[in-house]
Amino acid sequence: MRQGERSGQGGPSRRLAAMLLATLILPGSAVAQQPGSNSPVGTYLWYPEPGGPKSDQDCRDLVARVQPTREKAEMSLWGTIPQNDPAAGSFFLLLSPTRMEPTYAAEGDYDFGDVRLGETRDGETPFELTPDDHEDVVIKGTVIAKPGGEIVTVILRGIPLDGDTTDRTTYFCRFEDLGTET
């Protein structure tokens, strides 16, 4: 499944991983990801336009329109956001110290699984991702989350595709979790 397509519930391993990730990231307090934080761990809103946001203001505009919260990210993970919610149809990335879980990934995809984060330098964090459905594959990548910026870029390198490999760049926006309203 590609970006922008709604995924189903997923199989048992995906559901278990999602449940564990929700336990690690979603409970808690006020901010999904502190702007300026060194760690890329957090919850992010997917930016749907091709080529990503051109400025931090693009992210602020998207966040104002969608009104994301951690609770809505969890609901997106399970496909339970009400249709009348501004976040309906939005996707998220939940990143813990040990798991990468985008809400747009589907069974057999290479986007979700166990992650090993490297050292963050100047807002760039290398990682190795072992996809749940491809445990014999290690995908290398980078999370770019510049301190003080709203834009978060995730680059996956060497994803197997049709007998070859490809890179995939996905853009996200930081947001403050201002409540649990839905």
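In this predicted model, T153 touches two stretches of the chain beyond its own neighbourhood. Leaving aside neighbours within four places in sequence, T153 is in contact with T142, V143 and I144, and also with T169, T170 and Y171. The residue sits in strand β7. Its relative accessibility is 10%, and the cut-off for buried is under 20%, so T153 counts as buried.

Strand β7 also matters for the nonpolar interior. The largest nonpolar core has 20 residues. Those with the most contacts inside this core are M100, F127, L129, I139, V154, L156 and F172. Five strands each supply at least two residues of the core: β1 (42-46), β2 (92-95), β5 (124-131), β6 (139-144) and β7 (151-161). Of these, β7 gives the most, with four residues. I139 shows how such a residue is surrounded. Neighbours within four places in sequence aside, its contacts are Y110, F127, E128, L129, P131, L156, R157, G158, I159 and P160. Another core lies apart from the largest one. This second core has 15 residues, among them M75, A87, L94 and C173.

Aromatic rings form a further set of links. Four aromatic pairs were counted. One of them joins W46 and Y104. The pair is tilted, with 6.4 Å centre to centre and 45° between the planes. W46 lies in strand β1, whereas Y104 lies in the loop between β3 (99-102) and β4; the pair therefore ties together parts that are 58 residues apart in sequence. W46 is buried, with a relative accessible area of 10%. Y104 is buried too, at 3% relative accessibility. Y104 also pairs with F91. Here the geometry is edge-to-face, at 6.3 Å centre to centre and 85° between the planes. F91 lies in the loop between α3 and β2 and Y104 in the loop between β3 and β4, so this pair ties together parts 13 residues apart in sequence. Both F91 and Y104 are buried. Ring pairs thus link W46, F91 and Y104 into a cluster.

Two loop residues have positive phi values without being glycine. Phi of Q67 is near 55°. Q67 lies in the loop between α2 (56-66) and α3 (70-78). Its relative accessibility is 41%, so Q67 counts as partly exposed. For D122, phi is about 50°. D122 is found in the loop between β4 (113-117) and β5. With 70% relative accessibility, D122 counts as exposed.

Conventions. Residues are numbered from 1 along each chain as its sequence is written. This is a predicted model: local features need pLDDT of at least 70, side-chain atom pairs count only at pLDDT 80 or more; totals for chains, interfaces and linings use all residues. Side-chain values use heavy atoms; hydrogens and water are left out. A nonpolar core is a set of buried Ala, Val, Leu, Ile, Met, Phe, Trp, Tyr and Cys residues joined through side-chain atoms within 4.5 Å. Buried means under 20% relative accessible area, exposed over 50%, partly exposed in between (1.4 Å probe, protein chains only). Contact means heavy atoms within 4.5 Å. Rings of Phe, Tyr and Trp (its six-membered ring) pair if their centres lie within 6.5 Å; planes under 30 degrees apart count as stacked, over 60 as edge-to-face and the rest as tilted.
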